[in-house]
Amino acid sequence: MNQRPAAPSDASSFPIDTVRAQFPALQRAGSFVFMDNAAGAQIPQSVLDAVTSHLVEFNVQRGGRYPHSVKVDQAVADARESVAILINAYRPEEICFGMNATSFIRLVSLGIGQMLAGSKDDVRDEIIVTDMDHDANIATWLALEPLGAKFKWWRMREDGNLHVDDLRPLVSERTRLVACTVTAHSIGSIVDVASVAKIAHAAGAEVFLDCVHYGPHGLIDVQAWDCDYLVCSGYKNFSPHMGFLWGRYDTLKRLPTFREDFIPDEPPYKVEAGTFIYENVSGMDAAVRYLETVGRNFAPQNNRTRRDNIVAGMGAIRAYEIDLAREMMRVLKECGATIYGVADEERIDERVPTFCFNIGKLSPQMIVEEMAARGIAIRDGHMYAPRLMKRLSLSMDSGAVRASLVHYNTLEDVRRFGAALKEILERAS
C-alpha cells in the first residue's frame with residue numbers, strides 16, 4: 001500500500017487544537033461540522049494571507065521587467081518548487097499549474113489521442129480504465145475511441161478495492177496507458193499504485209494517476225510510485241481553487257499540446273496555455289508550507305529538509321486519520337449502515353476517512369438534509385461516479401451518502417455525527 005502508519009496511531013498525540021486554530025472557517029463556524037471535505041477542504045490563515053498578499057502587492061501579469069511583475073514570476077517559481085517537494089518530483093519544471101485536475105486529464109488525453117491518430121504503428125492502442133474512478137478519469141479516455149483507442153476495464157472486486165492481480169492479465173504489448181485513481185473519491189479505497197506501475201512498465205506502458213483525493217490524506221511520492229503522469233486539485237489540499245499536473249520531464253516534452261507560437265515547446269510552458277490564477281498558485285505554495293509546519297512537530301531535529309517535514313507531517317496526518325476512520329466505521333456499523341468500499345476494520349489501512357453509505361430504505365437526500373439541519377455538512381448523490389453507482393446497484397438519482405473527514409476533524413465530530421444519525425433513524429422509524 002502507498003503509505004502505512006509507521007507505528008500504532010494515537011489520536012491524543014496529534015496537535016488537533018493547534019491545527020484547528022489555524023483554520024479561520026472552523027473558528028467562525030462555531031459548532032458547525034465540515035464533513036464534506038472530499039468536495040473541497042477549508043484553508044489555513046497562512047494560505048488566505050498568501051492570496052491576499054498577492055492580490056494587494058503584485059496583482060499584475062508575469063513576464064514584465066518592473067518589480068511587481070518580477071514578484072509574480074518569483075511567486076510562481078516558488079510555488080513550483082514547493083509542489084515539487086510535496087510530491088517528490090524529479091525537477092520543478094515538471095509541475096504545471098492550471099484550473100483543475102479534470103482539465104489536465106483532458107489535456108493529456110488529447111495529446112495521447114493525437115499520437116494515436118498520427119501514428120502508423122497501431123500496436124499500442126489500448127488504454128486500461130477502472131470502474132472505481134471519478135468519471136473525469138474515465139470519460140476523458142473513452143473520448144479517444146474515434147481516434148483509434150481501444151479499452152479494457154480493470155474492475156473493483158466485491159471487497160471494495162482494485163487488486164493488481166486483476167490488472168496483470170489486462171496488460172500486454174498493446175497497452176499504451178493505465179489510468180487509475182490513487183484513492184477513490186467516492187468510497188475512500190487506496191490503490192497500490194506502485195505495483196500498478198511495475199506491471200505497466202514491464203509491458204512498456206505508461207501510468208496516469210488521479211491523486212486528487214489522496215492528496216490531503218497521505219504522502220505523495222511520484223518517484224517511489226514510478227508513475228508517468230499525476231494530477232491533483234489544490235482545493236482538496238488546503239489551497240484555493242486550482243489544480244496541477246506532474247509528468248516526467250521527457251514525457252511532457254514529447255506530449256503534443258496546444259501552444260501559441262511564441263511559447264517554448266517544453267514543460268511547464270507548453271502545458272500552461274494562457275493565464276492561470278496566480279494568486280491561487282501563491283495559496284498552493286502556502287498550503288505546502290502549512291503541511292511542513294505540521295511535520296515540524298514530528299520530524300527529527302537534525303539537518304531536516306523541507307521534504308523531511310512533509311514526510312513527517314503527512315505520516316502524522318495519516319496515522320491520526322486512521323483513528324478517525326476506525327471511529328467512523330464503528331459509528332456507521334452501529335447505525336446499521338451499508339458501507340461501500342473497505343468495511344473491514346482489519347483492512348482499515350486500505351482506506352482514508354471518506355465513507356460512502358446507505359441505511360436501509362432511507363433516502364440519502366433526507367439523511368443529508370436532516371444532518372444539515374443539525375449543523376453537519378455531508379453530501380448525497382452519484383459522486384460523479386456513474387459506473388461505480390451501477391456496480392453498486394445504486395440509482396444515479398439517489399446514489400448514496402458520503403461523509404468525508406480530513407485532519408482538522410475530531411473524534412468528537414464523528415461522535416456527534418453518530419448521535420445525529422441515531423436521532424434521524426429514531427425519528428424515521
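**Helices α12 and α15 and a four-stranded sheet**

Helix α12 packs against helix α15, which spans residues 411-428, at an angle of about 10 degrees, and the two axes lie 9 Å apart. This is a predicted model, so the description here rests on computed values. Angles under 35 degrees count as roughly parallel, and α12 and α15 are therefore roughly parallel to each other.

Where the two helices meet, α12 brings in Tyr320, Asp323, Leu324, Glu327, Met328, Val331, Leu332 and Glu334. On the other side, α15 supplies Leu411, Val414, Arg415, Phe417, Gly418, Leu421 and Lys422. Sorted by class, this contact between α12 and α15 holds nine nonpolar residues, one polar residue and five charged ones.

Next comes the sheet. Four strands make up an open sheet with antiparallel pairing, and they run in the order β9-β10-β13-β12. At the edges sit β9 (338-340) and β12 (379-381), each of which pairs on one side only. Going from one strand to the next, the twist averages 35 degrees.

Helix α12, made of residues 306-334, also packs on this sheet. There, α12 touches β9, β10 and β13, the last of these covering residues 400-404. The direction of α12 makes about 5 degrees with that of β10.

As for the pairing at the β9 edge, β9 joins β10 (residues 354-358) through three bridges in the antiparallel sense. Within this pair, Thr338 stands opposite Asn358 of β10. Helix α12 thus has two sets of partners: helix α15, against which it packs, and the sheet, where it touches β9, β10 and β13.

Technical notes
Residues numbered from 1 in each chain as written. Predicted model: local features only at pLDDT ≥ 70, side-chain atom pairs only at ≥ 80, totals over all residues. Heavy atoms only, no water. Pairing = 2+ DSSP bridges. Axes fitted to C-alpha atoms, helices over the stretch in contact; angles between N-to-C directions. Contact = heavy atoms within 4.5 Å. Parallel < 35°, antiparallel > 145°, perpendicular 65-115°, else oblique. Nonpolar A, V, L, I, M, F, W, Y, C, P; charged D, E, K, R; others polar.
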